[in-house]
Amino acid sequence: MRYLPLTPSDRQEMLGVIGAKSIDDLFADVPQAARLDGPIPGLPLHASELAVERHMSALARKNLAAGDGPFFLGCGAYKHHVPASVDHLIQRGEFLTAYTPYQPEIAQGTLQMMFEFQSQVARLLGCDVANASMYDGSTACWEAIVMARRVTRRGKAILSGGLHPHYVSVANTMAKFTGDQLVTSVPTLTPNPDTDDLIAQIDDDTSCVVVQYPDILGRIADMSKLADACHAKKALLVAVVTEPVALGAIKSPGEMGADIVVGEGQSIGVGLQFGGPYVGMFACSEKLVRQMPGRLCGETVDAEGKRGFVLTLSTREQHIRREKATSNICTSSVLCALAWSIHMTLLGEKGLRQLAQINHAAASAAADVLASVPGVELITPAFFNEFTLKLSKEARPVVRDLAAQGILAGVSLGRLYPGEASLQNGLVVAVTETTTKEDVETFASALREALA
Amino acid sequence: MSTINQSGWRPTTPEAGGSDAATFTGNRALMLDEPLIFEIGSISTTGVDFAEAPAGKSRLAGLERHRDIGLPGLSEPETVRHYTRLSRQNYAIDLGLFPLGSCTMKHNPRLNERMARLPGFADLHPLTPVDCAQGAFEVIDQLAHWLITLTGMHSVAMSPKAGAHGELCGVLAIRAALDARGEQARKILLVPISAHGTNPATAAFAGFTVEDIPATDDGRVDLAALKARLGPDIAGVMITNPNTCGLFERDMKAISDAVHAAGGYVYCDGANFNAIVGRVRPGDLGIDAMHINLHKTFSTPHGGGGPGSGPVVLSEALTPYAPLPFVERDGDHFRLVEEETAGEHHAGTFGRMTAFHGQMGMFTRALTYILSHGADGLRQVAEDSVLNANYILRSMEDVLDAPFAKSGPCMHEAIFSDKGLPEGFSTIDIAKGLIDEGFHPMTVYFPLVVHGAMLVEPTETESKATLDQFIGAFRSVAERAKGGDPAIRTAPHFAPRRRLDETLAARKPVLAWKEPVGAQAAE
């Protein structure tokens, strides 16, 4: 029990100070019937560091990691190279083992980093302000819908078919309980997202339209017209970004008129980690800031006039407003936000643009190679680093076949939309700077065989 | 070269510092101030080397970004220095005791970190074909087994991403169960006033109406008041046990029985599970749902405020409503139950709460910690955390008012109040005084049921020597405050910053860096 420093004699001495005969005296308020006499049967006892390492390593080896072979999975989580210094810095104990900065005088490190993160996110997404992070992109997306309801006092949100189906699913779950009305649809295997359809649905009850950019099929489209249509009806445009690296190459949603921009930050600085922890991004225009959920860090001065940072606008929060709070969130994803911020600082604008360019060029080249395979059709003419192929047969078994050969071929739309017959042949393929030419060739020839 | 900070960074107040000599930079030897990345970086600097992008046609549909984003870059050595310097402005559990009540801060073993970084876990995509992620599902299954066994509950929902998200999961399961019974009229959740502020916020966020239940003078839920309020409009109760006064709710079973008899469900905030793990199973107390903050009981690092992870254990009654996705063992194989595979067997599920499977990176850390401790070690965790808290309570009660000192032993945390401090001195002064002594302050002004509350939680990973040093410092600061020492009212004196103006920050919010006015003109 290497993590417990008290010795048996310490315990005796402390019980003496307390005036208790035994440790059981300290559990006197627990009714006898609810007490356990000894360690719970059926569970193993404590183990050495070596034994635990062996156990966990054996479990890890049963998985096919992204680095184990050609890898093309995306759809909301992306494999990018993260510089070594990012992980090194976030493991400094002063960051890793710090608590929420409620005592700002001794938490300036975390607070300044939050302020820098907020500033970086706001600029990248094209908004005035951002918060200090959310759980992930999907929960940030729901919080944006709720925020739009608060701002507009209307209860109907229109969700684009291009929005990640798991994000739609989260919103549907929550809306069942809150009474929000959601209008949803599924994507069609067409080159362009459903902008005109969305515009046609906006009415006087609409709080917001939610679009993803690039969308679930990898498509990109100008959202200015949609923004104008929303604003004409006094609704908000919510944009969702799940691949922030794209914004190094293409215009930000804020620039095109989105009022709230949320997203999944994982692809910058945060590993795949089988789905979490990730880092939700949440940004909006200055005039909406008091309706924004989540933690916020603000600049101020100390008693000597020195610049410093504190958590602020907490009057919106759960610990003050209780049932009237803007949301129930009482945490953020600070350590992941730190990794994001460090990676972004290493990249800088120049590096981000280069990274984006490399991603786009690699994806573009891969799309051409894969589209030349008989039985493969490229659906998305315009994309960033992720595109959709329509195969001559169902994509799910093809993905399974290729996985058995050690090739992670992309995400079949059948997995994401099991009930949609029209999407079963769709395969979404992501290509990043980590993808080599050889990976693409291996994938293409395996695909050729699988479709033959 | 395009720079972001055209005005150049200047130390804020080089002449500040009282009687000590000022330095040119404003720094003090190893205490180094650090400007913002926006003030030292530039958009043409990068700390990453890339190969030239291959030439090829652009498929960006005319959406190419033309305007500067305004993201500063630093070289790698500058980046390492920037963040290392920032880190030195932080207190952390690796530096010393963090006696925060209601927010357990314990040692974070580095083995947890190493295991979470094994490529098989860290480099695994959430949509990896299920057959290629069997080891990851086995981690989830093993952790689930421990959580179910330790709590004596029926099942566990692993996907909630933090404690408050877990609360949401629990109350949504309650709502789903009531709806399935056709009891839509049960819209009110009862929340004792000693509950965490997230409890009422969660209930409201999930569409419930919240009603408070008072506490008795001894710091526990008023059972009579609770019973009197039960009826056909009550969905259930949200309770914290051990509660935020640091006390065990002796009547927990009676509360559960009464709520169940009235047709409601019992939600328990399990933030304080570390005080009873291995000694009490919440399932034996009649609880229907309880979230477990993995960072608190199972030592995943708090990281300056997150990420968290909040699995929710459920009773048999609530199990059919558990959220998606979840992992099921099928012989030697694990399968993932999602929207399509839920089928009739899981038709009651209330749906998905988050895009993927939850905080996998936290699961590997928590399982590592659990296996290291084992069933015997975890029981010792509860005993030592309760022993440490009572040691502090008895060592301080002659100096500070301890409102519940006669209510029985405290559990993992001890509570004091500002009663007896002279005019003009308050809890915050004692907190800031502790900073100068090299300790992080305890939780202040919480719970709300105690005036000027100071909630102290030492946790089980503190040695007696550390506790004795803390008690010495705490007593000294309290005695100085009681004696009216004016220096306590202006503490901290030795921290990287003196007291910060929080009112200014809220009145004129500056939430993002902006180019200093006139910077353009100076160009």
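In this predicted model, B:Glu138 and A:Lys62 are joined in a salt bridge, with 2.7 Å between the closest N and O atoms. This pair belongs to the contact between chain A and chain B, for which the count of salt bridges is 18. Polar contacts across the interface of the two chains amount to 100 residue pairs, both residues being at pLDDT 80 or more. On the side of chain A that touches chain B, α12(A) gives the most, with 25 residues. By class, that side of chain A holds 101 nonpolar, 54 polar and 42 charged residues.

The extent of the interface may be considered next. The size of an interface is often expressed as the accessible area that is lost when the parts come together. Here chain A and chain B bury about 17,700 Å² between them, and carbon and sulfur atoms carry 62% of this area. In terms of residues, 197 of chain A are in contact with 213 of chain B.

Attention now turns to a pocket. The second largest pocket encloses about 640 Å³ of space. Its lining comprises 29 residues, of which A:Asp87, A:Gly269, A:Val270, A:Gly271 and B:Ala122 are the closest to the centre of the pocket. Two or more lining residues come from each of α4 (84-90) and α12 (334-371) of chain A, and likewise from α4 (119-122) and α12 (360-396) of chain B. The most is given by α4(A), with four residues. Divided by class, the lining of this second largest pocket has 17 nonpolar, seven polar and five charged residues.

The helix α12(A) thus appears in both parts of this account: it contributes to the pocket lining, and it gives the most to the side of chain A that touches chain B.

Technical notes: Residues are numbered from 1 along each chain as its sequence is written. Chains are lettered from A and ligands numbered from 1 in the order in which they are written. This is a predicted model: local features need pLDDT of at least 70, side-chain atom pairs count only at pLDDT 80 or more; totals for chains, interfaces and linings use all residues. Side-chain values use heavy atoms; hydrogens and water are left out. On a 1 Å grid over the protein atoms alone, a cavity is a set of points where a 1.4 Å probe fits but cannot get out, and a pocket is an open set with protein on both sides within 12 Å along at least five of seven lines; lining residues have an atom within 4 Å of a point. Grid points are joined across faces, edges and corners, and a volume is the space filled by probe spheres set on the points. Ala, Val, Leu, Ile, Met, Phe, Trp, Tyr, Cys and Pro count as nonpolar, Asp, Glu, Lys and Arg as charged, and the others, Gly among them, as polar. Contact means heavy atoms within 4.5 Å. Buried area is the accessible area (1.4 Å probe) that two parts lose on being put together, summed over both. A salt bridge is a side-chain nitrogen of Lys or Arg within 4 Å of a carboxyl oxygen of Asp or Glu. A polar contact is a pair of N or O atoms within 3.5 Å; within protein, one must be able to donate a hydrogen and the other to accept it, and residues adjacent in sequence count only if both atoms are side-chain atoms.
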